[in-house]
Amino acid sequence: MSVKVYNTMTRSKEEFTPRSPGHVRIYVCGVTVYDLSHVGHARSAMVFDVIQRYLRFKGYRVTFVRNFTDVDDRIIRRANAEGVPAAELSERYIQAFREDMAAIGVAPADVEPKATEHIPEMIALIERLVAKGFAYTVNGDVYFEIRRFRAYGRLSGKNLDELLAGARVEVDERKRDPRDFALWKSAKPGEPAWPSPWGPGRPGWHVECSAMATKYLGESFDVHGGGEDLIFPHHECEIAQSEADTGRPLARYWLHNGMVNFGAEKMSKSLGNVLTIREFVKRHAPDAFRLFVLGTHYRHPVDFAEERVRDSARALERLTRLVHDAHALSRDPSASAAVPEDLQDFRARFEAAMDDDFNTPQALGVLFDLARVLSEARDRTSADERAREHFAGGVSELVTLGQVLGLLQRAAEVGGTPADVLRLVEDRGQARARRDWRRADQLRDEIQRLGWSVEDTPSGPRVARKGA
RNA sequence: GGCGGCGUAGCCAAGUGGCCAAGGCGGAGGUCUGCAAAACCUCUAUUCAGCGGUUCGAAUCCGCUCGCCGCCUCCA
């Protein structure tokens with residue numbers, strides 16, 4: 001079965017075939033590191049994390065690149081306000097971003113290039129564009145001349161004349177055309193600057209991605225991704241620069257994730273309606289966010305709401321419980337049991353959903369269908385050994401498929417229960433046997449204080465880490 | 001104004017020509033139970049914003065109407 005992806009460039013679903021058979025090269029626009037990242041950034045990162053995971057699951061080798069924009073007006077402004085060097089500020093937020101990603105289970109990219117470490121590549125690209133007549137210099141600035149590149153506007157479906165008509169673009173007398181964009185900005189006092197053929201300055205935003213993507217993935221790679229708010233002008237400009245330079249398509253497939261809305265409006269710094277990832281993980285389990293995000297197709301907008309995340313957390317519990325129960329039943333949880341024949345259909349359904357432009361809501365439906373079957377199977381496990389094996393095999397399949405979506409990672413690696421907790425559980429069992437309910441309830445409270453929960457089931461007490 | 005998209009049960013959300021319109025949350029009933037909680041089982045949209053059309057057949061295609069959102073400016 002082959003993967004189909006929706007390509008923004010052609011506005012249709014296309015069969016996915018990487019340029020090099022078996023090897024997928026992906027570039028995703030990362031964040032500008034001038035502040036803490038919010039759940040909108042988290043969604044984007046998570047969407048491409050899942051895409052990347054799925055392609056690996058399908059047997060592709062994947063080279064995944066996600067950049068950091070660490071030189072930019074906002075970084076400079078913020079650094080000046082705080083009285084620290086821009087490099088120090090951006091480094092702080094790169095660290096924060098990495099911590100946040102780890103907290104929500106988003107894997108690091110294979111390469112995470114920073115703009116400031118690729119200035120020579122950018123200068124070289126700009127020089128080529130000047131030499132080829134696509135760019136011009138004015139007093140230390142370099143601009144890309146939009147009219148020289150025929151295909152400008154193709155990705156975003158913009159009509160060049162209408163762009164001009166609507167022009168809310170800053171009027172800058174030095175540009176030949178208001179729609180031209182900066183490749184190189186000359187340094188003003190107090191700004192970080194690098195030497196260049198046009199004098200000291202810094203790169204424009206769009207040129208970073210072109211230079212870094214090409215450096216790590218080649219002139220023409222497979223997937224270029226990012227939020228849909230980057231389609232114009234960012235990705236449009238990247239295409240113009242790179243393709244003017246090489247004459248080859250920068251990427252074969254352009255994938256864009258929908259926005260996160262907060263109170264019916266797009267979550268965004270400029271609107272001030274953001275929730276940082278940091279703030280979020282204080283209140284919710286990471287997997288609850290993942291389930292929440294993946295419950296909507298990646299191209300659609302999603303309205304963020306606490307209540308909705310809590311719904312996801314409840315749903316998630318049903319899955320993690322199955323995993324914990326399988327561990328409790330199995331002598332050797334690391335030995336993954338064979339997938340029972342009657343459960344093999346689920347993987348096919350899961351793949352069919354994911355093959356269709358990464359339809360995670362449908363894939364989750366398959367996981368919950370499997371969970372229902374497993375729940376019934378669990379009820380029979382106390383009786384016989386074969387039922388236990390069947391259950392264990394089914395749960396291992398649930399974990400395998402869940403991990404493709406980045407779910408159930410922690411639940412699956414849950415180790416033993418600490419001895420002190422086990423002792424309390426044991427004591428409580430004895431108290432219950434004596435019908436000493438007061439003592440039993442005291443012990444339950446104590447167990448909960450240690451961050452664990454205990455529930456009584458027909459087959460004995462069930463112990464679990466809270467929120468896992 | 002230009003471009004793109006959305007409107008499916010109380011809430012969220014798949015489905016985009018033809019088996020009973022996935023799945024989750026919530027709700028109702030039941031099993032289990034010292035209590036509590038959980039879990040498990042069953043049920044929960046004759047109907048897909050509205051109107052008209054194409055078709056043997058439409059939530060799915062076409063047209064119109066209403067409502068909502070994104071991009072066109074820094075933005076994941």
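Guide: A charge sits over a ring if NZ of Lys or CZ of Arg is within 6 Å of the ring centre and within 35 degrees of the ring normal. In this predicted model, local features need pLDDT of at least 70, side-chain atom pairs count only at pLDDT 80 or more, and totals for chains, interfaces and linings use all residues. Residues are numbered from 1 along each chain as its sequence is written, chains are lettered from A and ligands numbered from 1 in the order in which they are written, and side-chain values use heavy atoms, with hydrogens and water left out.

Visitor: What lies over the face of Y136?

Guide: The residue over the face of Y136 is R176, 4.1 Å from the centre of the ring.

Visitor: And which ring has the charged end of R299 over it?

Guide: That ring belongs to Y6, and its centre is 4.0 Å from the charged end of R299.

Visitor: How many aromatic pairs are there in the whole structure?

Guide: The search of the whole structure returns 17 aromatic pairs, where rings of Phe, Tyr and Trp (its six-membered ring) pair if their centres lie within 6.5 Å, with planes under 30 degrees apart counted as stacked, over 60 as edge-to-face and the rest as tilted. One of them joins F16 to Y60 in an edge-to-face arrangement, at 6.0 Å centre to centre and 85° between the planes.

Visitor: Where in the chain are F16 and Y60?

Guide: They are in distant parts of the chain, 44 residues apart: F16 is in the loop between strand 2 (12-15) and strand 3 (23-28), and Y60 is in the loop between helix 1 (39-57) and strand 4 (61-66). Helices (H or I, at least four residues) and strands (E, at least two) are DSSP runs, numbered from the N terminus.

Visitor: Is F16 buried or exposed?

Guide: F16 is buried, at 3% relative accessibility; buried means under 20% relative accessible area, exposed over 50%, and partly exposed in between (1.4 Å probe, protein chains only).

Visitor: Why is the pair of F289 and F292 tilted?

Guide: The ring planes of F289 and F292 are at 35°, with the centres 6.4 Å apart, so the pair counts as tilted. Both residues belong to helix 9 (residues 286-294), where their spacing of three residues separates them by about one helical turn. F289 is buried at 2% relative accessibility, and F292 is buried at 6%.

Visitor: Which residues do ring pairs link into a cluster?

Guide: The cluster consists of F262, F280, F289, F292 and F304. F262 also has a neighbour outside the rings: its backbone oxygen is reached by the side chain of N273 at 3.2 Å. N273 lies in the loop between strand 11 (260-262) and helix 8 (277-283) and is buried at 14% relative accessibility.

Visitor: Turning to the RNA, which residues come nearest to strand B?

Guide: E162, W205, G227, L230 and D311 come nearest, out of 62 residues around RNA strand B; a residue is near a molecule or strand if one of its heavy atoms lies within 4 Å of it. Of the RNA strand B atoms within 4 Å of the protein, 69% belong to sugar or phosphate, and the rest belong to bases.

Visitor: What lies 2.9 Å from a base nitrogen of RNA strand B?

Guide: A backbone N or O atom of G40 does. On the sugar side, a polar side-chain atom of R74 is 3.2 Å from a sugar or linking oxygen of the strand, and an N or O atom in the side chain of D379 is 2.9 Å from a sugar or linking oxygen.

Visitor: Which element gives the largest share of the surface near RNA strand B?

Guide: Helix 12 does, with ten residues. Other elements that give two or more residues include helix 5 (160-165), strand 9 (221-227) and helix 10 (306-329).

Visitor: How many disulfides are there?

Guide: The search finds zero disulfides, a disulfide being a pair of cysteine sulfur atoms within 2.5 Å.

Visitor: Why does C209 have no bond to C29?

Guide: The sulfur of C29 is the closest cysteine sulfur to that of C209, but the 3.9 Å between them is too far for a bond. C209 is buried at 1% relative accessibility. For C237, the nearest cysteine sulfur is that of C209, 11 Å away.

Visitor: What about the backbone: which peptide bond is cis?

Guide: The bond from F232 to P233 is cis, with omega near 0°, and P233 is placed in helix 7 (residues 231-246). Two residues that are not glycine have positive phi: F358 at about 55° and L408 at about 70°. F358 is in the loop between helix 11 (345-355) and helix 12, and L408 is in the loop between helix 13 (385-404) and helix 14 (409-412). F358 is buried at 3% relative accessibility, and L408 is buried at 1%.

Notes
Polar contact = N/O pair within 3.5 Å; in protein donor to acceptor, adjacent residues only side chain to side chain.
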